[in-house]
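Reader: Got a minute to walk through this one with me? I'd like to go from the ligand to the strands, and then to the odd spots in the backbone.

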Amino acid sequence: MSEPYPANRRERDAWVLARRAPQPVHDPRRPHASFLEAERAESGELVEVLTVLLVSRECPWRCVMCDLWRFTTTTSVPRGAIPAQLAAVLDPNAEPAPGPAVERARQIKLYNGGSFFDPRAIPPADYPAIAQHVCRFERVIVECHPALVGDRCARFRDLLHAAAGKVGGRSAPPPVLEVAMGLETAHPAVLEKLNKGMTLASFRRAAESLRRQGLAVRVFILVQPPFLEPAQALPWARRSLEFAFDCGATAAVLIPTRGGNGAVEALQARGQFTPPPLATLEAALDYGLELGRGRVLADLWDLERLAACPACFPSRRERLRALNLSQAPLPAIPCAVCSAPGPPAASQPSPGRHQVQPPLPA
Ligand code: SF4
Ligand SMILES: [Zn+2]
């Protein structure tokens, strides 16, 4: 048996780092990727959202489940690099030029594999140029660790509003700034072991601060994180959704925990992580939609990893996609091959708001 999972943050950081593969090299003037997808907006409309995966300096935290460092750089990118990455996707004069689909996008996500408001990742001196690039969108969504929520959020919001105000002929309201934060789980002991360096209380304070500044909050939740018994995964995914909405989230995103960073595989080998079955993600999404407290989305990236039964997986993936878009319940997909009765929550009486959930600390 290998040595135990470290009990303190400094040793955990080293444990996580020791299991990483070499970091790929990235061009700081090109985004890692960009893509369009439809998403149900807070207003209820179906809108096109452009996601740009920016290349920036890696996050200073060492969360045990995170593999986003693979798309980052080890040193800060030079001033001007982030606006150049945006220009490559948005500038009408870029080569290749953005197509009409990009022009139709009404919202934009700027995800940088860390925190947008980490000054070593996104130079604050670039905020005005970034605001200039994205001020035409109705909503600008960035990600941030709760510890980095602060005055820079309001500063960037003001720059966005000012840039939008200078666009000739624009009569639309200024863009809404939305900040996505990883809650990961509302289970306090599991959250501590994930090595995120935050507590439920600090998460709640950051969410309150964002809301006070007039910003929208999006929350990422891990389905079946490490250190949680599989039988507890669904109850805690439900509890995490409730906590996210208690914190004022307008959207919660359910992310099935995946391997891929070395540390998660090591935990799996030690019996401290089991990949979630598709049914747990389905049931968590069904529950979140039933709550009716805000949008709930399942992250379908790389969902094939959860495909245990080739007979029903394609239809179940389509059902998840349809739930994401419609935000309305759909019947479960039964399967004669794997005997799946469909998602547990849909095949049994609805859990409802008053089902007994694991208690949360005050
Ligand atoms: S804070 Fe976010 S980006 Fe940073 S290591 Fe943790 S999960 Fe990854
Ligand atoms: Zn099946």
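What follows is a short run of questions and answers on this predicted model.

Reader: Let's start with the ligand. Which class has five residues in the shell around ligand 1?

Author: The residues around ligand 1 include C59, W61, C63, C66 and L68. R62 and K196 are also there, along with G113, G114, H145 and G182. Sort the shell by class and you get two charged residues, four polar ones, and five that are nonpolar.

Reader: Now the strands. Is β6 largely enclosed or open, and how many of its eight residues are buried?

Author: Strand β6 covers residues 216-223. To count as buried, a residue needs 20 or more other C-beta atoms within 10 Å of its own. β6 is largely enclosed by the rest of the structure, because the number of its eight residues that are buried is six.

Reader: And which residue of β7 stands opposite F220?

Author: β6 has a partner in β5 (residues 176-184), parallel over six bridges, and there M181 stands opposite V219. β6 also pairs with β7 (residues 251-256), again in the parallel sense and over six bridges. In that pairing, F220 of β6 faces V253.

Reader: How does the chain get from β6 to β7, and what is the handedness of that crossover?

Author: β6 and β7 pair in the parallel sense. The chain goes from β6 through helix α8 (residues 230-246) and on to β7. That makes a β-α-β crossover, and its hand is right-handed.

Reader: On to helix α4. Why do its buried residues line one face?

Author: The buried residues of α4 (residues 127-134) are Y127, I130, A131, H133 and V134. Looking down the axis of α4, these fall within a limited arc, so they line one face of the helix. They pack against α2, β3, β4 and α5. The arc that holds them is 160°.

Reader: Which peptide bond is cis?

Author: Look at the loop between α2 (81-90) and α3 (100-104), where P96 is found. Omega there is near -5°. So the cis bond, because that is what this omega belongs to, runs from E95 to P96.

Reader: N195 caught my eye. Is N195 buried or exposed?

Author: N195 is in the loop between α6 (188-193) and α7 (200-212). Its phi is positive, about 75°, although N195 is not a glycine. The cut-off for buried is 20 or more C-beta neighbours within 10 Å. N195 has 22 of them, so it counts as buried.

Reader: And Q327: how many C-beta neighbours does Q327 have inside 10 Å?

Author: Q327 is another residue other than glycine with a positive phi, near 55°. Its place is the loop between α11 (313-326) and α12 (344-347). Q327 counts as partly exposed, because its number of C-beta neighbours inside 10 Å is 18.

Reader: One more. Is A38 buried or exposed?

Author: A38 is in strand β1 (residues 33-40). Beyond its neighbours within four places in sequence, A38 is in contact with L46, E48 and L325. A residue with 12 or fewer other C-beta atoms within 10 Å counts as exposed. A38 has 12 such neighbours, so it is exposed.

How values were computed. Residues numbered from 1 in each chain as written. Chains lettered and ligands numbered in written order. Predicted model: local features only at pLDDT ≥ 70, side-chain atom pairs only at ≥ 80, totals over all residues. Near = placed C-beta within 6 Å. Nonpolar A, V, L, I, M, F, W, Y, C, P; charged D, E, K, R; others polar. Helix = DSSP H or I, 4+ residues; strand = E, 2+ residues; numbered from the N terminus. Pairing = 2+ DSSP bridges. Right-handed = clockwise from strand over helix to strand, strands pointing away. Arc of directions from axis to C-beta. Contact = placed C-beta atoms within 7 Å.
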